[in-house]
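Colleague: Got a minute to walk me through this one? I'd like the overall picture and then some local detail.

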Amino acid sequence: MKNPYNDLKTLLLDVDTIICDYIKNEEVKFPSYRKLLNRFYDCYDQWNKITECTELYKHKDNKEKTDEETKSIDEKIRKRNREVTEIINELIIAKMFLQEEDCAYIDYEIENPYTKESIDFFLRNKEGEEIYCDVKTIHPDDIDKWDQYEKLNKQGRFPLNASYILNKHEMGGLLWHYSYASRGRMLEHITELEKKSNK
């Protein structure tokens with residue numbers, strides 16, 4: 001099946017019409033929604049600018065291209081893609097919260113008065129219960145950690161109820177790193193949120 005979002009512009013347009021338009025209609029529950037949407041539109045503008053630069057660079061004569069320039073363009077594209085993914089994930093979570101029947105109120109990027117730390121979402125349900133939520137998008141770097149996987153496997157460090165079936169020649173080291181790094185980052189984020197949300 002063809003991925004309809006090979007074109008990032010199509011994805012951004014759909015996010016605008018499907019998710020942003022929905023959020024705009026929930027101002028009573030989500031009075032600070034403009035802050036979130038402004039982040040998305042700023043990201044959209046940056047994406048357009050970088051895309052223009054990238055297109056100009058593509059059509060540049062190969063003799064005029066330098067390794068440093070290519071590396072700079074690649075880094076900008078990588079950063080842009082990460083920022084786009086992060087803000088889209090926040091929008092999706094906001095819409096999901098708003099669709100919950102029990103949701104009475106949402107605030108975005110609030111400061112905990114006790115810790116002075118910013119938290120992505122503060123929610124209150126109809127019973128008055130309060131919930132803090134940080135949205136984190138984890139992007140592991142492309143690092144081959146096959147040696148680490150083999151070492152841990154030989155040491156018998158994996159529990160009996162866990163089964164890793166990886167092949168060194170089929171991105172096994174990368175897949176292991178993605179899995180291992182993601183879990184590690186998630187634990188860091190959980191600890192960070194607990195500190196930020198404490199009274």
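Modeller: Here's a quick tour, from the overall fold down to single residues. Keep in mind that this is a predicted model.

Colleague: Okay, how many helices and strands does the chain have?

Modeller: There are five helices and three strands. Going along the sequence, the order is α-α-α-β-β-β-α-α.

Colleague: And what share of the residues counts as buried?

Modeller: That's 30% of the 199 residues. As for the surface, the chain exposes about 13700 Å², and carbon and sulfur atoms supply 50% of that.

Colleague: How much of the contact count comes from residues 24 or more positions apart?

Modeller: They make up 60%, taking the contacts in the chain with a separation of 6 or more.

Colleague: Let's switch to aromatics. How many aromatic pairs are there?

Modeller: The count is seven aromatic pairs. One of them is Tyr105 with Phe122, with 6.4 Å between centres and 65° between planes.

Colleague: Is that stacked or edge-to-face?

Modeller: Edge-to-face, because the angle of 65° is over the 60 degrees needed for that label.

Colleague: Where do the two residues sit?

Modeller: Tyr105 is in strand β1, residues 103-111, and Phe122 is in strand β2, residues 118-125. They're 17 residues apart, and the pair links distant parts of the chain.

Colleague: Is Phe122 buried or exposed?

Modeller: Phe122 is buried, at 9% relative accessibility. Its partner Tyr105 has 24%, so Tyr105 counts as partly exposed. The cut-off for buried is under 20%.

Colleague: Which residues do ring pairs link into a cluster?

Modeller: Phe30, Phe97, Tyr108 and Phe121.

Colleague: What about charges over rings, where does the charged end of Lys95 sit?

Modeller: Over the ring of Tyr22, at 5.2 Å from the ring centre.

Colleague: Changing topic: which residues form a nonpolar patch on the surface?

Modeller: Met186, Leu187 and Ile190 do, and together they have about 280 Å² of accessible area. Met186 belongs to helix α5, which covers residues 172-197. Its relative accessibility is 37%, so Met186 counts as partly exposed.

Colleague: I was also looking at Lys145. Where is it?

Modeller: Lys145 is in the loop between β3, residues 130-133, and α4, residues 146-154. With 31% relative accessibility, Lys145 is partly exposed.

Colleague: What is Lys145 in contact with, neighbours within four places in sequence aside?

Modeller: Gly173, Leu174, Trp176 and His177. Take Trp176: Lys145 and Trp176 are 31 residues apart in sequence, yet their C-alpha atoms are 6.6 Å apart in space.

Colleague: Now the backbone. What is phi of Glu109?

Modeller: Phi of Glu109 is near 50°, so a positive value in a residue that isn't glycine.

Colleague: Why point that out?

Modeller: Because most residues other than glycine have a negative phi. Glu109 is in strand β1, and at 33% relative accessibility Glu109 is partly exposed.

Colleague: And what about phi of Met171?

Modeller: Phi of Met171 is positive too, near 65°. Met171 lies in the loop between α4 and α5. Its relative accessible area is 49%, so Met171 is partly exposed, as exposed would need over 50%.

Colleague: Great, that gives me plenty to look at.

Notes. Residues numbered from 1 in each chain as written. Predicted model: local features only at pLDDT ≥ 70, side-chain atom pairs only at ≥ 80, totals over all residues. Heavy atoms only, no water. Phe/Tyr/Trp six-rings, centres within 6.5 Å; stacked < 30°, edge-to-face > 60°. Helix = DSSP H or I, 4+ residues; strand = E, 2+ residues; numbered from the N terminus. Buried < 20%, exposed > 50% of the residue type's maximum accessible area, 1.4 Å probe, protein only. Lys NZ or Arg CZ within 6 Å of the ring centre and 35° of its normal. Contact = heavy atoms within 4.5 Å. Areas by Shrake-Rupley, 256 points an atom, 1.4 Å probe, with all protein chains shown as cover. Patch = residues over 30% accessible without salt bridge, like charges linked within 9 Å, V, L, I, M, F, W, Y side chains within 5 Å. Salt bridge = Lys/Arg side-chain N within 4 Å of Asp/Glu carboxyl O.
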